[in-house]
Amino acid sequence: MTPTYSGVFALINSTHKKASMRSSDELELEEVQDATTDKNKEERSGNHGSAEEKKMYDPLIRLFSFISTFGLAHSSRRFKRTNGMLKADEPHTFGFPSVSPDITLAVEGVDASNSRKWLDRDGFGEVKPTKKQGPKRSTAGTIPPIVTQCADYARLFMSARPFMLFCVGILIFGTEFCIGIFDRDGITFSPIYDMFERPDVLVRVVRSLACDLSIEELGSDPTVSVLTDDETQTLTGQKKYPSAIVTSVGNDPRKWFPGLAGFPITVQNLRSAVPQPIPGDDDDPTPVLHRLLLGTLGRPMWEYRSDRELLTGFHDALIAHRNLYDRGILHRDISAGNILLIEAQNAPIRGFLSDLEFARVKSPNMRTREVRVRSDISPQPKYNERGQIYAMTEPTTREYTKFESTVTLKRGAGMTGTAQFMAREILESDSTGKSVVHGVAHDVESYIWVLSYCVMRSLLLRAGRRSAPQDAQAQCKEFRKIFARAFGQTTPRFIAIERTALAFTLKFPSLSDIDRIIARFMSDALVALFIDFQILLQYAEAIVNPTPLTHDAVLGAVDKAIASL
């Protein structure tokens, strides 16, 4: 490095030493408080962080820019400071936390310093002022904030750029750094280096990211070319992102355009530019064009058309969970994406539960003791397309086999589920280090948070439409802040704060700041259900003689609400 940049290193080092005198929790809390202040200013003021962290931004950008352009007229990419929050306001990212990486890696010529689009980024960087805030766990069973923050960036990045197979981020913590590779299966970190002890590694990393690596080497699918708006307009007559050309493999010159009438999508070997030979076959494999046809089954619960449809669908999905549990299967990943409503109007059920990837099965096989369970089912109402009862079913008897075993087969990670919908006890275990076994009460609690999320999201969408009454539209800004506080936190510790009986997540129907939205779009029965949920959680949270949440307790509250519609 030239003497000109000795001051940059000195500033980074002095800031690191000063920050090291403070605890990690103190630094992270200052960052959260800074984010809260920013949200009250409509997310316009830029990056969040402690005072020491913010002092590192400009020196690091100056250093990275010097490395990127040294000896070159220009580099293919530039490191820039991210000025402004990146909002998750696209239909496919609605409700995601609004987060902003400290550093942006963007193609030369793109005004990524001011752009809030994830499309304008090829990579990102996160900065922490001390070494102890790095990705290594300080306590077993905990996840460092820098990891959860970068995971949120990667999730939004890959939602906005769906043809990225993985993405790359640089993590700087004090004078140390590493590279993170994020894909849909998890995170892989490089070895950790100190920029003072190994400046050669820092130079190679920064130079590679800015100058040497192609977009395919940074994660883009090599068989896909994303089209510009003008190219999409020429082919389809409309501008709709993302549109792409999928190339065939081998010597096949054909290209496939997803969505253009008459042309199917080629999915043959999409993740590899080179066809893989068939094991044990000396001859070249026969080329095969695969067509993958996907049909939609169900729709998200937040798209409910009436409170009756919402509650009957929620009721049926909770029954499904109870039936699985009775058979020795605990779902462990209750989230808004896994509880769906049935599309068919005359279907015998209105909602269902999906995605058992993280389920825990009590027995590794079905050769266990069988118990026959018999229960009577009373007549159930049938609903027409307007949500009105037009007939009753005949009383029936249900009989099924329950498998019992003392053997437990664990699948998935020890801490399973989507953080925004996890039970409070599990979230708190991440910071306290307390060992918690995921049980049925935790899943039942997750159902409550899912219903809250779906109702809040639906209300916000409906109140924000141009056709909505003016008094409801006027309260959307305040409601969006409440929604962000309830479901926009990014760390288990701060999500847990919003997962109590008295938090905004459940008490929002009683808030005067959004009373017109509640009056216009929520029935009295649904409002009363949230009060009943608050009572159930208060009993469950009691210090003395707590009453755990059960299927029957929640189903009883839901049945009461349905009956009063």
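The accessible surface of this protein chain adds up to about 28700 Å², and carbon and sulfur atoms own 53% of that. Bear in mind that what you're looking at is a predicted model. Of the chain's 565 residues, 45% count as buried. The secondary structure runs to 16 helices and 19 strands. Take the contacts in the chain with a separation of 6 or more: 66% of them are between residues 24 or more positions apart.

**How far to trust it**

The chain averages a pLDDT of 78, with 72% of the residues scoring at least 70. Then there's the stretch over residues 259-291, where the pLDDT is below 50, although the model gives this stretch 36 contacts beyond near neighbours in sequence. Residues 400-416 also stay under 50, and here the model has 53 contacts beyond four places in sequence. Where pLDDT is low, the predicted coordinates should not be read in detail.

**Two helices side by side**

Two packed helices are described by the angle between their axes and the distance between the axes. For helix α7 (residues 307-326) and helix α15 (residues 524-541), the angle is about 35° and the axes are 11 Å apart. Which residues in α7 and α15 meet? From α7 come D307, L310, L311 and F314, and from α15 come L526, L529 and F533. Sorted by class, that contact has six nonpolar residues, one charged residue and no polar ones.

**Cysteines**

If you're wondering about disulfides, a search of the whole structure finds zero. C178 is a case in point: the nearest cysteine sulfur is that of C150, 8.4 Å away. A disulfide needs the two sulfur atoms within 2.5 Å, so that pair doesn't qualify. C178 is also buried, with a relative accessible area of 1%. C476 counts as buried because its relative accessibility, 14%, is under the 20% cut-off.

C454 sits in helix α9 (residues 440-463) and is buried too, at 0% relative accessible area. Leaving out residues up to four places away in sequence, C454 touches M301, W302, Y304 and A336. With W302, the C-alpha atoms are separated by 4.3 Å, even though the two residues are 152 apart along the chain.

**Buried spots on strands and in a loop**

Where does G351 sit? Its place is in strand β14 (residues 351-353), and G351 is buried, with a relative accessible area of 2%. Not counting residues up to four places away in sequence, G351 touches G313, D316, A317, L340, L341 and I342.

E126 belongs to strand β3 (residues 123-128). E126 is buried as well, at a relative accessible area of 0%.

T175 lies in the loop between β4 (166-173) and β5 (176-183). Buried or exposed, then, for T175? It's buried, with a relative accessible area of 2%. Setting aside neighbours within four places in sequence, T175 is in contact with N13, H16, K131, Y193, D194, M195 and F196.

Here are some residue pairs with their separations along the chain and in space:

| Pair | Separation in sequence | C-alpha to C-alpha distance |
|---|---|---|
| G351 and D316 | 35 residues | 5.3 Å |
| E126 and Y153 | 27 residues | 9.6 Å |
| C454 and W302 | 152 residues | 4.3 Å |
| T175 and E197 | 22 residues | 9.3 Å |

**Two residues with positive phi**

Most residues other than glycine have a negative phi, and most peptide bonds are trans. What is the phi of D355? It's near 65°, a positive value in a residue other than glycine. D355 lies in the loop between β14 and β15 (360-361). At 34% relative accessibility, D355 counts as partly exposed, because that value falls between the 20% and 50% cut-offs.

N545 has a positive phi of about 50°, and it's not a glycine either. You'll find N545 in the loop between α15 and α16 (551-563). N545 is exposed, with a relative accessible area of 68%.

Technical notes:
Residues numbered from 1 in each chain as written. Predicted model: local features only at pLDDT ≥ 70, side-chain atom pairs only at ≥ 80, totals over all residues. Heavy atoms only, no water. Buried < 20%, exposed > 50% of the residue type's maximum accessible area, 1.4 Å probe, protein only. Helix = DSSP H or I, 4+ residues; strand = E, 2+ residues; numbered from the N terminus. Contact = heavy atoms within 4.5 Å. Areas by Shrake-Rupley, 256 points an atom, 1.4 Å probe, with all protein chains shown as cover. Axes fitted to C-alpha atoms, helices over the stretch in contact; angles between N-to-C directions. Nonpolar A, V, L, I, M, F, W, Y, C, P; charged D, E, K, R; others polar. pLDDT = per-residue confidence, 0-100.
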